[in-house]
Amino acid sequence: CQLAWTCDSSRVVAALTDNTVRVWDLAALGDARLTDEERAAKCLILHTHTSHVYVLEGHPTEPRLFMSAGYDGRIVLWDPTT
C-alpha cells in the first residue's frame, strides 16, 4: 500500500492491493454531520491500473494533482476534480 497527501493536505491518496487508487477528502471525513455511509461515498475510487502501484506522489505545488505508476507500465497524472 502506498500513501500520499496533496500539497495542501486537503486529501489523502492511497494505492491499494486491489490495484485501485483511492482519494479521500479530509474535510468530509471530519464532518460530524455525515453518516458513515456518506463518508464512504466521499471516497473516490480510480480504476486505471491493472497491476500493483509502486509510486504515488502528490504534485509539489498544485493540490489538485497527483501521479501514480504501476507495474502495469502505466504512469498516470490524476486530477480527481474533473
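**Entry 1: strands and sheet**

I began with the terms, noting that two strands pair if DSSP finds at least two bridges between them, and that strands are DSSP runs of E with at least two residues, numbered from the N terminus. I am working on a predicted model, in which local features need pLDDT of at least 70 and side-chain atom pairs count only at pLDDT 80 or more, while totals for chains, interfaces and linings use all residues. Residues are numbered from 1 along each chain as its sequence is written, and side-chain values use heavy atoms, with hydrogens and water left out.

I looked up the bridge partner of A14 and found R22, in β3. Strand β2 (residues 11-15) and strand β3 (residues 21-25) run antiparallel and are joined by 5 bridges. I then followed the sheet outward: 4 strands form an open sheet with antiparallel pairing, in the order β1-β2-β3-β4. Its edge strands, each pairing on one side only, are β1 (2-5) and β4 (44-46). Neighbouring strands of this sheet are turned by 20° against each other on average, direction ignored, where the axes are lines fitted to C-alpha atoms and angles run from 0 to 180 degrees between N-to-C directions.

**Entry 2: salt bridges**

I next listed salt bridges, each a side-chain nitrogen of Lys or Arg within 4 Å of a carboxyl oxygen of Asp or Glu, and the count by this rule comes to 4. R22 turned up again here, since its side chain meets that of D18 in a salt bridge at 2.9 Å, N to O. I checked D18 for exposure and noted it as partly exposed, with a relative accessible area of 40%; buried means under 20%, exposed over 50%, and partly exposed in between, with a 1.4 Å probe and protein chains only.

I also found D72 and R74 meeting in a salt bridge at 3.8 Å, N to O. D72 counts as partly exposed at 22% relative accessibility, and R74 is partly exposed at 37%.

**Entry 3: around D79**

I located D79 in the segment after β7, and its side chain meets that of R64 in a salt bridge at 2.5 Å, N to O. This pair links distant parts of the chain, 15 residues apart, with R64 in the loop between β5 (53-58) and β6 (66-70). R64 is partly exposed, with a relative accessible area of 35%.

I saw that a polar contact (N or O atoms within 3.5 Å, one able to donate a hydrogen and the other to accept it) of 2.5 Å joins the side chains of D79 and T81.
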